[in-house]
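Reader: I'm in my first year and still learning to read these pictures. Could you pick one part and walk me slowly through what surrounds it?

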Amino acid sequence: MGETTGGPVAEDVRRRILAMLAQGTLIPGARLGTERDMAEMFSVSRSTLRSALLPLSRAGILERRTGRGGGTFIRADVVERHAAESAGLPALLAESGHASATRVVGAERRPATPIEARALEITDGAEVFAVRRIRLADGAPLSVDLACFPVELVPGLLEHPLDGSLYELLRTRYGLVATRTTEIIEVGAASGSEAGWLEIGVRRPLLAITRLSRDDSGTPFEYSFDLFRSDRVRLISTSGVSREVRGT
């Protein structure tokens with residue numbers, strides 16, 4: 001019989017582990033211990049414990065190490081990102097102690113798609129600058145992003161370096177600051193091109209975030225679609241954030 005995710009007892013153990021992570025009792029890199037240790041800690045059988053840990057391992061939250069000093073650990077290379085995060089990803093990674101890099105894989109001026117035009121509140125056929133970039137954390141791909149900006153709001157955007165923080169560029173060059181950010185969060189699967197960019201298998205799960213940013217006058221100036229590796233990012237949601245969560 002294969003491993004299962006268990007029943008209510010296993011689910012309770014999972015919730016307790018996630019609560020310890022949220023409260024800071026467990027931190028990235030922390031060792032949970034051996035199966036025997038954890039079974040005693042949570043007062044469950046070892047089979048129930050394995051069922052509890054399986055989904056957390058599949059989600060990339062836990063990793064198992066063998067040999068002397070082995071056991072189950074909290075993944076140390078998982079990046080935490082707040083929903084509707086207004087800071088740029090490089091700043092977020094730096095604050096978390098991760099080395100960051102950006103690789104531009106495409107930048108063009110083109111007519112907006114109907115979805116982009118509707119989101120950015122521009123006329124059909126109005127032009128946007130579309131920038132696609134791969135974001136790396138600690139040398140490994142974390143996400144691939146496609147960001148679109150109305151040409152009339154950011155003239156000459158493609159003449160500037162695009163491998164740094166676009167939010168900083170928008171602020172200093174165009175005076176655009178996101179005062180309201182709305183995100184739609186979904187779960188998807190990697191296509192062939194996305195898998196290649198992110199160095200994962202085809203149809204591996206991805207965290208897909210569609211974001212619309214507005215300035216202090218309420219004018220939308222950024223519409224983007226970010227795909228994060230689900231094994232390398234943990235999304236944190238707090239109250240007071242405008243967001244919509246969907247599952248696919």
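Author: Here is a close look at helix H6 and the strands it packs against. Keep in mind that this is a predicted model.

Let's begin with the helix. H6 covers residues 166-174, and its buried residues are Leu166, Tyr167, Leu169, Leu170 and Tyr174. Look down the axis of H6 and you'll find those buried residues within an arc of 160 degrees, so they line one face of the helix. There's a general reason for that sort of pattern: an α-helix has 3.6 residues a turn, so residues three or four places apart point the same way. Just after H6 comes glycine 175, with a positive phi of about 70 degrees.

What do the buried residues of H6 pack against? Four strands: S6 (127-137), S7 (140-150), S9 (205-214) and S10 (220-229). Let's see how those strands are put together.

Take S6 to start with. Nine of its 11 residues are buried, so S6 is largely enclosed by the rest of the structure. One of its partners is strand S5 (residues 100-111), which runs antiparallel to S6 and is joined to it by 11 bridges. If you want a pair to find on screen, try arginine 103, whose bridge partner in S6 is isoleucine 134.

S6 also pairs with S7, again antiparallel, through 10 bridges. Here you can look for arginine 135, which stands opposite serine 143 in S7. S6 and S7 make a hairpin with two residues between them, and aspartate 138 in the turn has a positive phi of about 55 degrees.

From S7 we can step across to S10. These two strands pair in the antiparallel sense over six bridges, and cysteine 148 has tyrosine 223 as its bridge partner in S10. S10 is mostly covered too, with nine of its 10 residues buried.

S10 is also joined to S9, by nine bridges, and that pair runs antiparallel as well. Arginine 214 is matched with proline 220 in S10. The hairpin of S9 and S10 has five residues between the strands, and glycine 218 in that hairpin takes a positive phi near 90 degrees.

Now zoom in on one residue of S10, glutamate 222. Is glutamate 222 buried or exposed? Its relative accessible area is 3%, and buried means under 20%, so glutamate 222 counts as buried. Its side chain makes a polar contact with the side chain of serine 213 (2.6 Å). There's another polar contact from the glutamate 222 side chain, to the side chain of serine 224 (3.5 Å). Leaving out residues up to four places away in sequence, glutamate 222 touches Leu120, Ala147, Cys148, Phe149, Tyr167, Arg211, Leu212 and Ser213. You've met Tyr167 already: it is one of the buried residues of H6.

One last stop is the second largest pocket, with about 210 Å³ of space. It is lined by 15 residues, and the closest to its centre are Glu116, Arg132, Leu146, Ser224 and Phe225. S7 and S10 turn up again here: along with helix H5 (114-120) and helix H7 (192-198), they each give two or more residues to the lining. Ser224 is also the serine whose side chain makes a polar contact with that of glutamate 222.

Methods. Residues are numbered from 1 along each chain as its sequence is written. This is a predicted model: local features need pLDDT of at least 70, side-chain atom pairs count only at pLDDT 80 or more; totals for chains, interfaces and linings use all residues. Side-chain values use heavy atoms; hydrogens and water are left out. Buried means under 20% relative accessible area, exposed over 50%, partly exposed in between (1.4 Å probe, protein chains only). The arc is that of the directions from the helix axis to the C-beta atoms. Contact means heavy atoms within 4.5 Å. A polar contact is a pair of N or O atoms within 3.5 Å; within protein, one must be able to donate a hydrogen and the other to accept it, and residues adjacent in sequence count only if both atoms are side-chain atoms. Two strands pair if DSSP finds at least two bridges between them. On a 1 Å grid over the protein atoms alone, a cavity is a set of points where a 1.4 Å probe fits but cannot get out, and a pocket is an open set with protein on both sides within 12 Å along at least five of seven lines; lining residues have an atom within 4 Å of a point. Grid points are joined across faces, edges and corners, and a volume is the space filled by probe spheres set on the points.
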